[in-house]
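Q: Could you take a close look at the nonpolar interior of this model, and explain how its parts are put together?

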Amino acid sequence: MTVREISAPDKTLAWGLLALVLTGLTVLASASHTAGEGLFTSLLNRQLGWIGIGCVAALIIWVLPMRLLERGIIPFYTLSVLLLLLVLFIGRGPAGRWLVFLGVRFQPAELAKAATLLMLVRWLSRDQCFAFQFSGMAGAFFWVAVPGALVAVEPDLGTSLVFVVIGVAVLFWRGLPGRWMLWPAWGLVSGAAGFQHILFLSFLMVTLTGAVVQKTRRRFWGVAFFVSLCCGLLGQAAWQRLPVYQKLRVESFLSSDVDPHGSSYQVIQSKIAIGSGKMMGKGFGRGTQTQLKFLPEHHTDFIFSAMGESFGLGGVTFVLMLWGGVLWRVVRLAERRDSLSERLMLFGLAALWGFQVIVNIAMTVGWAPVTGLPLPFFSYGGSAMVINMALSVYALKCTVR
Amino acid sequence: MIDLLEIQALRGRWVRALLLLVLALLWGRFFFLQGLSGQDYMRHSEANALRRIPVTAPRGLILDRDHRVLVDNRPSYSLFLIPYGFIADTAAVHRLAVITGLEVDEINLRLLPGRSAPFRPIRLLRDMDFDTLTRIEEDRDALPGVYVQVEPVRAYGDSVRVSHVLGYVGEVSATELGDENRRDLETGDLAGKQGIEKYYDVLLRGRRGYRYTLVDAVGREIDHFGGRRDVAAVPGRNLQLTLNRDLQRLAEMALVGKRGAIVALNPQNGEVLALASAPDFPLTVFARHLAPAVWQALIHDAGHPLLNRAIQAQLPPGSIYKPVTTLAGLETGQIDLSDTLTCTGGWPVGRRFYPCWKSEGHGPVSLIEALAQSCNSYFYRLSLGLEFEDWHRWGDRLGVGQKSGVDLPNEASGLLPASSYMDEKYGRGRWKRGQLANLAIGQGDLLVTPMQMAVLAALIGSGGRRVTPHLALSTETVDGGWRHIIPDSTVLPIDSRWIALIKAGMADAVNTPAGTAQAAKVRGVSVCGKTGSAQNPHGESHAWFMGFAPMEAPEIAIAVMVEQGGSGGRSAAPLAGSLLRHHFGTGSTDDR
């Protein structure tokens with residue numbers, strides 16, 4: 001490996017990622033802008049500080065040899081799981097999802113997303129025999145389930161779904177036969193069924209009946225029963241811990257006329273913000289919905305609505321194309337790289353970002369429930385920014401020719 | 001590996017196609033919102049903007065046991081404002097002060113939450129009078145962001161007051177918002193503050209609804225979406241109380257001009273038939289904006305009208321406690337039923353002579369006569385043979401020194417001194433016979449509430465059933481039925497012969513010429529009663545009555561307390577008598 005080789009990552013992807021960071025910063029500057037104040041609001045300055053930290057992290061990852069980085073995956077994963085455990089006990093913030101160190105807040109769940117992805121890629125990069133054996137599959141399930149469950153009981157169902165997506169995506173890319181994909185899907189469905197006692201019990205009854213009746217396929221039904229039980233109980237635990245407003249969010253999304261706690265208020269405001277941006281937008285820092293605080297969470301979850309208001313359909317098209325291009329490129333690279341671990345890493349990252357991007361944007365137009373998933377590189381939030389920058393550089397390193 | 005590359009190439013193609021499809025769909029959605037409907041949304045945003053106005057749910061009605069309405073709702077005009085335009089605009093606040101008649105400082109105080117939520121409406125006035133309403137309507141244009149909304153407020157009948165039991169409703173305070181059962185409340189919501197309104201708040205308050213409207217910059221409504229977006233408020237559930245309105249009125253009338261309390265219970269199940277405390281306060285002042293001066297006057301009134309004496313007054317019981325001492329004496333075998341004691345106006349305890357209330361003495365008295373005539377000497381002598389722990393144990397069993405568990409907030413528990421308490425107060429070994437002699441006749445450190453004495457009366461009357469007094473009889477269910485609320489009661493194992501003796505003494509107190517409680521007599525009904533006059537170092541004695549009727553299977557148990565009323569026989573027993581005569585339907589007050 002020479003210096004020459006290291007300095008040649010995929011250029012298209014590098015430019016695309018840089019464009020995302022800069023666009024995200026511009027949009028945040030616009031959303032946090034207040035009339036009569038300068039460009040650099042305290043919010044923007046803080047985010048710039050986080051980007052600085054992200055650059056340092058990126059540099060370290062860029063300089064260190066890949067071998068050394070890979071050795072750090074297990075400690076990194078262990079640390080993020082421990083932090084997730086910690087957040088259950090001393091979590092702060094409105095939903096108790098932050099840890100505070102020396103006055104700095106950060107969200108262990110963001111760390112855990114990256115750690116889970118890395119861990120899973122490492123685990124499944126071994127030879128075919130191992131990956132598709134019972135121990136390989138069970139391990140993969142375990143690595144995803146532990147942080148996923150910890151996040152689910154926080155409770156943060158939206159984010160725990162991200163873990164499921166990472167798991168399914170990496171397994172999918174590892175070439176898992178389509179019929180095997182049944183299990184994660186089964187787990188997901190029975191986990192959701194855990195929200196409701198009757199459904200949960202009927203899942204258990206059906207699988208149990210299967211095991212009794214179909215003697216030849218007893219093992220299949222046994223696993224099905226086990227998966228239903230575990231995921232259902234998990235779903236049940238998460239639902240129980242869910243605050244009233246979140247239960248109502250789910251219910252209000254499922255039936256549009258239930259809305260005592262105003263999640264559709266947010267969506268109505270979001271749609272007004274986006275719609276009123278029209279073709280070219282109201283201009284930088286001049287979104288009335290955003291600036292007059294009609295739009296809630298306008299620099300975190302609903303930043304895309306603020307963008308739509310200020311920059312119009314033109315801005316929306318640009319950002320959608322930018323994200324589309326980056327994701328396309330990452331998937332394309334995931335098809336072409338020689339090393340299996342690089343391919344898995346790239347595809348997993350595409351899934352991690354793609355899922356959050358699509359759910360977040362769909363939420364702003366009322367097509368997805370208000371889950372609180374951030375828009376990578378755009379939503380204000382230090383932990384996510386640093387992690388996403390670090391992941392970007394790691395991905396670029398995977399593309400080095 | 002070749003195999004996997006092929007799979008990935010195939011799957012990659014599908015994934016990328018799916019990505020494009022989803023992004024294209026999303027783009028289409030944005031094109032629809034911004035390109036096609038942009039003009040509409042622009043109007044909405046310019047109109048500035050969508051408002052979500054909380055709609056107060058009507059609270060559940062409160063009924064008496066015969067479904068007669070005690071607390072109703074009536075529509076009223078409330079004044080709300082959106083704080084946005086008023087923050088840092090002192091001129092607007094001053095205009096508002098002139099029109100509403102509120103102090104500028106008070107308005108600024110109410111505007112404080114508006115700093116963090118500038119578009120959440122704040123309620124400024126409740127139940128406005130017509131003059132204020134007219135003034136506001138005339139000056140609408142000068143007051144952007146101010147609007148009037150019709151809200152239900154509590155309406156009270158005029159036959160009974162029941163102030164302490166019903167309690168009142170007010171805006172929930174910041175500290176109350178942290179409560180476990182108030183999670184669904186927000187700043188500005190109304191919640192029960194006292195009495196039943198507080199205790200059963202979760203049941204009574206219902207769920208707030210919302211009106212979604214579009215308003216322009218001056219706060220005028222321009223679109224209501226035809227009500228399609230509105231969320232209807234869910235009315236609170238109706239609550240039926242155990243109170244009997246007529247008996248309650250009688251109890252309240254009996255206490256007019258006095259300081260005291262009356263509690264009447266059903267001794268079989270603890271249903272509270274009447275609960276009055278005097279002086280009381282008009283609940284209507286809490287339905288509208290409570291002026292600070294009115295509130296100050298209420299809390300500084302020397303008569304403490306906000307105090308619910310029935311459950312919060314803690315006084316020595318005096319002689320009505322003698323039945324408890326009697327139980328201790330019977331259990332320990334210290335009472336010889338064939339024996340009499342000759343009262344000469346007191347009894348020596350240690351080196352001191354403890355006086356009976358009748359200075360010329362009662363002459364020879366048996367246990368029954370001692371109870372009927374409330375002879376202190378008998379109980380002084382009894383106390384000499386008693387261990388402190390025996391005396392204490394019976395009080396504890398009968399619920400003295402413990403909250404009765406009635407469904408009202410802030411009940412007091414009274415004080416049943418234990419030997420550890422006495423040690424601490426007087427020093428170990430420094431208190432002995434004299435203190436116990438005093439405690440045996442219900443004086444000294446013993447403190448009880450009228451509610452506890454009503455429970456005691458019920459317990460004796462029912463032969464040992466210790467009930468949990470309760471005011472809620474049943475709640476209306478969603479489908480219009482009524483669900484009964486029945487709290488626990490326990491039956492204490494008490495020898496029926498002992499109960500019979502105490503009942504006989506209490507019956508003689510009411511029905512024999514020498515008895516102290518003759519004023520509670522009812523023609524044709526065997527009333528049992530016991531009077532007490534608890535010494536009060538600050539003035540006249542506190543008058544007590546405790547009793548039940550009829551003797552064999554009691555339907556009603558009563559405790560009466562009149563602060564500084566003097567003799568229990570003269571001040572408290574007649575009040576019980578009037579309630580009992582009403583209950584048993586014998587109107588006449590003669591035949592003493």
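A: The answer begins with the main core and then turns to a second one. This is a predicted model, in which local features need pLDDT of at least 70 and side-chain atom pairs count only at pLDDT 80 or more, while totals for chains, interfaces and linings use all residues. Residues are numbered from 1 along each chain as its sequence is written, and chains are lettered from A and ligands numbered from 1 in the order in which they are written.

The largest nonpolar core (buried Ala, Val, Leu, Ile, Met, Phe, Trp, Tyr and Cys joined through C-beta atoms within 7 Å; buried means 20 or more other C-beta atoms within 10 Å) has 129 residues, and those touching the most other members are B:Ile262, B:Val263, B:Ala264, B:Ala454, B:Ala457, B:Ile558 and B:Val560. Helix H18 of chain B (a DSSP run of H or I, at least four residues), spanning residues 450-461, gives the most to this core, nine residues in total. Because domain 1 (51-241) and domain 2 (245-280 + 308-475 + 493-583) of chain B both give residues to this core, it lies between them; these bounds come from an automatic or database domain assignment. Leaving aside neighbours within four places in sequence, B:Val560 is in contact (C-beta atoms, placed from the backbone, within 7 Å) with B:Ile262, B:Trp544, B:Phe545, B:Ala572, B:Leu575 and B:Ala576.

Apart from this core lies another, of 116 residues, which includes A:Leu118, A:Leu161, A:Ile387 and B:Tyr41.

Terms used: Buried ≥ 20, exposed ≤ 12 C-beta atoms within 10 Å, placed from the backbone. Helix = DSSP H or I, 4+ residues; strand = E, 2+ residues; numbered from the N terminus. Contact = placed C-beta atoms within 7 Å.
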